[in-house]
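Reader: Got a minute to walk me through this structure? Short answers are fine.

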Amino acid sequence: MDEFDYVIVGGGTAGSVLANRLTEDPQVRVLVLEAGGPWIPAAVDAPQAWFTLLGSSVDWGYQSVPQPGLNGRTTYEPRGRMPGGSSNLYIMMHIRGHASDFDDWAYQGAAGWSAADLAPYFRKLEDQEDPVPGISGTGGPQRVTNAGLHDPNPLSRTFIDACLELGHPETPDFNGEQMLGTGWHHIDVADGERRGAMRSYLEPALGRPNLTVRTNTQATRLIVENGRCTGVTYRQEAPAQPEGEGRTLATAAPAEPGEYTVRATAEVLVCSGAIESPKLLLLSGIGAPAQLREFGIPVVAEVPGVGENFHNHVLTGLIAETVEPVEAPRQNLSEAALFANSQPGMIAPDLQLAFVHAPFDIIIGQQHPNAVSILPGVVRPQSRGWIRLASADPLAKPLVHPNYLGDRSDLERMVQAVKLSRDIFGTSAFAGALKGELAPGPDVRTDAELTDYVRAHADSYHHQAGSCRMGIDDLSVVDPRLRVHGVAGLRVVDASVMPAVVSGNCHTAIVAIAERAADLIKEERHG
C-alpha cells in the first residue's frame with residue numbers, strides 16, 4: 001500500500017494551495033488525488049473564453065433538484081473537474097469579501113477567522129500591480145491586475161459613470177478601505193492569461209520530488225480506524241482523449257483502472273468542494289445517522305451537520321441592445337461592478353451588480369449579438385439548502401439543493417437589484433449607447449411581473465458554500481482548525497467550511513482559507 005504524510009483529496013483551488021505550501025518542507029510527502037484528467041484546454045488560459053468551459057469535459061456539470069423558489073426549475077451547477085478545479089472556470093474577479101463576513105464567522109464560534117486574522121493571508125497570497133498601502137499584498141503567488149488599467153471596454157467606463165450619476169460612490173479597490181460603491185474589478189489575470197490556483201500554486205510545485213499528483217482518481221471512501229482517518233480508497237479511471245487545443249500537466253503516470261488504497265501517516269485533507277466534500281464524508285459514514293442508514297452505510301461518526309447549510313449566491317440578468325457594435329472581448333468580459341446596500345444603515349453591501357459587455361442569455365445573444373448585460377445578485381443570501389446522497393454508489397452525483405430564493409428576503413432583494421439595474425441602464429450616461437432593453441423587456445413593469453421574471457430566470461452564481469461549516473455548535477462539521485468533529489487525522493479545507501459565503505466572488509477567500517489551513521497544519525506538525 002502506498003504511504004504519504006498527507007493525502008489531499010481534490011486538486012482544485014484549496015488543494016492546489018495546500019499542495020504547494022505543505023511541500024515547501026522537502027521532508028513532507030504529499031499526494032494529491034484529482035478526479036479530473038491532466039489535460040488543460042486552451043480556453044482555461046484565455047480570460048475571455050471562460051464561459052466556453054461550462055458544460056465541457058472539464059466541468060462536473062451538476063444539476064440541482066427542483067427549486068421551489070424558482071417555480072420548480074432545476075439549475076445548472078458547474079464545478080471544475082481538472083487540476084486547479086473551479087479556479088479554471090471562474091470569471092477571475094479578485095474579491096476578498098467584506099471584513100464583516102469574516103468577523104461574523106468569528107462571532108459565531110469560528111475563532112481565528114476574523115478579518116484581522118485573515119488579513120495577513122490575503123496579503124500573503126497577492127501580488128497586486130496597484131496595491132493599496134497597508135492592505136494589498138505584493139510578491140505573493142497570485143498575480144492581480146486592475147481591469148481599468150488594461151484597455152477596458154469603453155462601455156465598462158460608461159457603467160461606472162452611470163452608477164456615479166445615480167449617486168453611488170466610486171471606490172478604487174473593492175478590497176480596499178471601502179467595498180461599497182462602483183469601480184473597476186481587480187482580476188486574477190496577468191500578461192493576458194488567467195492566473196488561477198493551478199497557475200499560481202500547483203504548477204510551480206509540480207517539479208518537487210515530494211509532491212505526487214494522480215489524475216483521473218476519484219475518492220470513494222475515507223478509511224477510519226479506531227476513530228482516526230488513516231487513508232483513502234479511490235477509483236483509478238482510464239485517461240480520456242484530449243479535446244481540441246491545450247496542454248498536459250506533468251502529473252504522475254496513471255495506474256491501471258481499478259480500486260486502490262493509499263495510507264496517510266499524518267492527515268487526510270478533503271478539498272473536494274462544497275458539493276463533493278460532504279458527499280465523501282457521508283459515503284465514509286460521517287454524517288447524520290438516519291441518512292447513512294437509509295443507504296446501508298455504517299455510522300463512523302455522528303456529525304449531523306454534514307451537507308446542511310449549503311447555499312450559494314443567486315443572480316439574474318438584464319440585457320440591453322447597443323447602438324454601436326460591441327468591441328471584441330478583452331480581459332474577462334466583466335471589468336466593472338457596483339456593490340450596494342438593499343436598505344440604509346447596513347454595514348456591508350448585500351447586492352452585487354456586475355457589468356458584462358456581452359449578452360447574458362445565449363439565445364438572445366444569437367439574435368442580438370451587440371448587447372450588454374448587468375448581472376444583479378444577492379451576495380448575502382438568507383436561504384439555506386443541503387447536499388444529500390442520491391445512492392450508496394460512490395460514483396453517483398449527490399443531490400444538490402441550494403434552495404434559491406427560498407427565503408422571502410432574497411426574492412425581494414433580487415427584485416430590488418433588478419430595478420437598480422434598470423435605473424443604471426436608464427441614466428444619461430447610457431442614453432446614447434443603448435437601443436432598448438431586451439430582457440426582462442418593456443412588458444415587464446410591475447413588482448409582480450418583476451417577481452415572476454426573477455423566479456423564472458434567476459440562476460446559480462457558482463459560489464457554492466457552507467455544507468461542512470466550521471464552528472463549535474452541534475450542527476458544525478469542522479472545528480475552527482478545520483478538523484472534522486469526532487474523527488482524528490481528518491480536515492476539510494474548501495468553500496464548504498464557510499459558515500456563510502462571503503459578500504462577493506469567493507475564489508480569493510478560498511485561497512486565504514487554504515493558506516491559513518497550511519499554517520495550522522504545519523504548526524501542529526512541528527508541535
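**The annotated stretch**

Author: Residues 273–287 are 73% helix and 13% strand, and the C-alpha atoms at the two ends lie 17 Å apart. One note before we go on: this is a predicted model.

Reader: What does UniProt list for residues 273–287?

Author: The record gives "domain: Glucose-methanol-choline oxidoreductase N-terminal" for residues 273–287. That comes from an unreviewed entry.

Reader: OK, aromatics. How many aromatic pairs are there in the whole structure?

Author: The search finds nine aromatic pairs. Take Tyr234 and Tyr260: their ring centres are 5.8 Å apart and their planes meet at 20°, so this pair is stacked. Planes under 30 degrees apart count as stacked.

Reader: Where in the chain do Tyr234 and Tyr260 sit?

Author: Tyr234 is in strand E14, residues 228–236. Tyr260 is in strand E16, residues 258–270. The two are 26 residues apart, and the pair links distant parts of the chain.

Reader: Is Tyr234 buried or exposed? And how about Tyr260?

Author: Tyr234 is buried, because its relative accessible area is 4% and the cut-off for buried is under 20%. Tyr260 has a relative accessible area of 28%, so Tyr260 is partly exposed.

Reader: Now Phe425 and Phe430. Which kind of aromatic pair do they form?

Author: Edge-to-face. The centres are 5.3 Å apart, with 80° between the planes. Phe425 and Phe430 are both buried.

Reader: Which residues make up the aromatic cluster with Phe425 and Phe430?

Author: Phe159, Phe355, Phe425 and Phe430 form one cluster.

Reader: Back to Tyr260. How far is Met1 from Tyr260 in space?

Author: C-alpha to C-alpha, Met1 and Tyr260 are 8.4 Å apart, though 259 residues separate them in sequence. Met1 lies in the segment before strand E1 (2–9). Leaving aside residues up to four places away in sequence, Met1 touches Thr261, Val262 and Arg263.

Reader: Is Met1 buried or exposed?

Author: Exposed, because its relative accessibility is 66% and exposed means over 50%.

Reader: Different topic: His185. Where is it?

Author: His185 is in the loop between strand E8 (181–184) and strand E9 (186–187). His185 has 0% relative accessibility, so it counts as buried.

Reader: What does His185 touch?

Author: Beyond residues up to four places away in sequence, His185 contacts Met93, Ile95, Thr145, Asn146, Ala147 and Phe174 among others. The list also includes Ser334, Glu335, Ala336, Ala337 and Gln352.

Reader: Now empty space. How many cavities of 30 Å³ or more does the count come to?

Author: One. The largest cavity has a volume of about 40 Å³. Its lining includes His311, Asn312, Tyr404 and Asp410. By class, that lining has five nonpolar, four polar and one charged residues.

Reader: And pockets? What is the volume of the second largest pocket?

Author: About 430 Å³. It is lined by 20 residues, and those closest to its centre are Asp104, Pro381, Gln382, Arg384 and Ala500.

Reader: Which element gives the largest share of the lining of the second largest pocket?

Author: Helix H3, residues 99–107, with three residues. The lining of that pocket divides into seven nonpolar, five polar and eight charged residues.

Reader: Which residue near its centre also lines the largest cavity?

Author: Pro381 is in both lists.

Note on methods
Residues numbered from 1 in each chain as written. Predicted model: local features only at pLDDT ≥ 70, side-chain atom pairs only at ≥ 80, totals over all residues. Heavy atoms only, no water. 1 Å grid on protein atoms, 1.4 Å probe; cavity = no way out; pocket = protein on both sides within 12 Å on 5 of 7 lines; lining within 4 Å. Points joined across faces, edges and corners; volume = space filled by probe spheres on them. Nonpolar A, V, L, I, M, F, W, Y, C, P; charged D, E, K, R; others polar. Helix = DSSP H or I, 4+ residues; strand = E, 2+ residues; numbered from the N terminus. Buried < 20%, exposed > 50% of the residue type's maximum accessible area, 1.4 Å probe, protein only. Contact = heavy atoms within 4.5 Å. UniProt positions renumbered as here; feature names shortened; annotations may be inferred. Phe/Tyr/Trp six-rings, centres within 6.5 Å; stacked < 30°, edge-to-face > 60°.
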